[in-house]
Amino acid sequence: MENQALGQVPSEHLPVHFPSPIQVANCYQCGKCTAGCPVAMHMDVAPNQVVRLAQLGEWEKALRSRAIWECVGCQTCSTRCPKEVDCAGVMDALREASLARGMAAPERFSVVAFQKIFLENIRRNGRLNELELIGHFKLDVVLHTGRIPFLFKDAGLAPQLGKRKKLHLIPGKARDRGVVNRIFERCASERKP
Ligand code: SF4
Ligand code: SF4
């Protein structure tokens, strides 16, 4: 009998719908994904172990791991995998499922907050407004953690960023924000189970 947990990630076993079928059965734990991952040393569960959890259907551990929020989505793991396992896609799908279920690791609050605020910023402006992003993000973290010094962390970088024209006091907006909205709407509709 086919062992479902070791086959294609079965969507009915997932807390929420995975955006696309992800093959994890082929993983034979060679570790090349972890060896190439630039942030593996900060993860509580290494990328190859996350794939293993997905193989075994250990969703609770996978969705509560800090590793999925350390992942920067660089795709190195998927590119290096000799078995064409989309490890980066697994990470991405687990992040989405973790958020949808309110299972994101609490100590990763700032990473989750940054990603939400970043996307909201793009949705609203059609392109990134750096000052709005920084202000909103810092305020959110300070209100959540009470760490007031965080407000001023990295403030010394502002002049350098300004000199390189990376901080725009008057934010630009995309001309056709309808296109951006349609992209967000399409992504949302494709995520629905
Ligand atoms: S590189 Fe591919 S086969 Fe090797 S451990 Fe990572 S996911 Fe599995
Ligand atoms: S996509 Fe994520 S897990 Fe894969 S190598 Fe990059 S940071 Fe590591």
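## Helix H2 and its surroundings

The buried residues of helix H2 are Pro47, Asn48, Gln49, Val50, Val51, Leu53, Ala54 and Gln55. Because eight of the ten residues of H2 are buried, this helix is largely enclosed by the rest of the structure. The model described here is predicted.

The cover over the buried residues of H2 includes H1, H3, H4, H5 and H6. Immediately after H2 comes glycine 57, which has a positive phi near 75 degrees.

## Overall composition

The secondary structure of the chain consists of ten helices and zero strands. Along the sequence the pattern therein reads α-α-α-α-α-α-α-α-α-α.

Of the 193 residues in the chain, 22% are buried. Among contacts with a separation of 6 or more, 61% are made by residues 24 or more positions apart.

## The surroundings of ligand 1

The shell around ligand 1 holds 14 residues, of which Cys27, Cys30, Cys33, Asn48 and Cys81 come nearest. Asn48 is also one of the buried residues of H2. Both H1 and H2 contribute to this shell, each with at least two residues.

By class, the residues around ligand 1 comprise eight nonpolar, three polar and three charged.

## The surroundings of ligand 2

Ligand 2 is surrounded by 15 residues, and the closest are Cys37, Cys71, Cys74, Cys77 and Ala88. Helix H5 (76–80) and helix H6 (87–100) each provide at least two residues of the shell. H6 gives the most, with three residues.

The shell around ligand 2 divides into eleven nonpolar and four polar residues, with no charged residue. For ligand 1, by comparison, the shell has three charged residues.

## Helix H6

H6 has 14 residues, and its first and last C-alpha atoms are separated by 20 Å, close to the 20 Å expected at 1.5 Å a residue. Its buried residues are Cys87, Ala88, Gly89, Val90, Met91, Ala93, Leu94, Arg95 and Ser98. Ala88 thus named is also among the closest residues to ligand 2.

The buried residues of H6 pack against helix H1 (32–36), helix H2 (47–56), helix H3 (59–64), helix H4 (67–70) and H5. H6 is in turn included in what covers the buried residues of H2. Just after H6, glycine 102 adopts a positive phi of about 65 degrees.

## The packing of H7 and H8

Two packed helices are described by the angle between their axes and the distance between the axes. For helix H7 (residues 109–125) and H8, the angle is about 145 degrees and the axes lie 10 Å apart. Their crossing is right-handed. On the H7 side, the contact involves Phe109, Ser110, Ala113, Phe114, Ile117, Phe118 and Asn121. These residues of H7 meet Glu132, Leu133, His136, Phe137, Asp140, Val141 and His144 in H8. The residues of this contact divide into eight nonpolar, four polar and two charged.

Helix H8 (residues 130–145) has 16 residues, which at 1.5 Å a residue should span 22 Å. The end C-alpha atoms of H8 are 22 Å apart, so the model agrees with the expected span. Just after H8, glycine 146 takes a positive phi of about 75 degrees.

Note on methods: Residues are numbered from 1 along each chain as its sequence is written. Chains are lettered from A and ligands numbered from 1 in the order in which they are written. This is a predicted model: local features need pLDDT of at least 70, side-chain atom pairs count only at pLDDT 80 or more; totals for chains, interfaces and linings use all residues. A residue is near a molecule or strand if its C-beta atom, placed from the backbone, lies within 6 Å of it. Helices (H or I, at least four residues) and strands (E, at least two) are DSSP runs, numbered from the N terminus. Ala, Val, Leu, Ile, Met, Phe, Trp, Tyr, Cys and Pro count as nonpolar, Asp, Glu, Lys and Arg as charged, and the others, Gly among them, as polar. The expected span of a helix is 1.5 Å times one less than its number of residues. A residue is buried if 20 or more other C-beta atoms lie within 10 Å of its own, exposed if 12 or fewer, and partly exposed in between; C-beta atoms are placed from the backbone. Two residues are in contact if their C-beta atoms, placed from the backbone, lie within 7 Å. Axes are lines fitted to C-alpha atoms, for helices over the stretch in contact, and angles run from 0 to 180 degrees between N-to-C directions. A crossing is left-handed if the near helix is turned anticlockwise from the far one by less than a right angle, and right-handed if clockwise.
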